[in-house]
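Here's a quick tour of one protein model, with the strands up front and a couple of side chains after that. Have the structure open as you read.

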Amino acid sequence: MKNFDHELIICIVNEGFSDAVMDAAREVGARGGTVIDAHGTANRDAEKLFRIVIQPQKEMVMIVVPTELRDTVLHALYKEVGLNTPGQGIAFAMPVDNVVGIADGKSVKTEDNEKSESASKNSTQTK
């Protein structure tokens, strides 16, 4: 079984609460996220079952974090924007197989980086 270094946390909240999501996540170590406007499709039965009013306009916040931060971020989101708050958020995490383009303190070596380093070494040796 493969060990994953990163997790994708997805948090779906009522419209206007994405800043609260990011504030809570950053407070415990997350660095940034992406917000997507969304539209909820829950029915009236779900509203009765959970005793909440479903707001159709939603925001989906996607945050990639190191695996060791996953539970801490999820707990912070639950406290700040969970179902029992005005944000009425749900959050879940999924393992991420590979990550490029984020700075998490780990050096990621790619084929392009290796070519660039090799070209740089060759140019300094010919001078």
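What follows covers strand pairing, one lysine and a surface patch.

## Strand pairing around β3

Keep in mind that this is a predicted model. A good place to start is strand β3, residues 57-66, which runs antiparallel to strand β1, residues 6-14, with 9 bridges joining the two. Strand β2, residues 34-39, also pairs with β3 in the antiparallel sense, this time over 6 bridges.

If you want one residue to anchor the view, pick Glu 59 in β3. Glu 59 is the bridge partner of Val 13, and Glu 59 is the bridge partner of Asp 37 as well.

## Lys 58: buried or exposed?

Lys 58 sits in strand β3 too. So is this lysine buried or exposed? Its relative accessibility is 12%, and because the cut-off for buried is under 20%, Lys 58 counts as buried.

As for its surroundings, set aside the neighbours within four places in sequence and Lys 58 is in contact with Ile 12, Val 13, Asn 14 and Glu 15, plus Ile 36, Asp 37, Ala 38, His 39 and Gly 40. Val 13 and Asp 37, both on that list, are the residues whose bridge partner is Glu 59.

## A nonpolar patch

Now over to the surface: Leu 83, Ile 90, Phe 92 and Met 94 make up a nonpolar patch there, with a combined accessible area of about 320 Å².

Met 94 belongs to strand β4, residues 90-96. With 37% relative accessibility, Met 94 counts as partly exposed, since that class lies between the 20% and 50% cut-offs.

Terms used. Residues numbered from 1 in each chain as written. Predicted model: local features only at pLDDT ≥ 70, side-chain atom pairs only at ≥ 80, totals over all residues. Heavy atoms only, no water. Pairing = 2+ DSSP bridges. Helix = DSSP H or I, 4+ residues; strand = E, 2+ residues; numbered from the N terminus. Patch = residues over 30% accessible without salt bridge, like charges linked within 9 Å, V, L, I, M, F, W, Y side chains within 5 Å. Areas by Shrake-Rupley, 256 points an atom, 1.4 Å probe, with all protein chains shown as cover. Salt bridge = Lys/Arg side-chain N within 4 Å of Asp/Glu carboxyl O. Buried < 20%, exposed > 50% of the residue type's maximum accessible area, 1.4 Å probe, protein only. Contact = heavy atoms within 4.5 Å.
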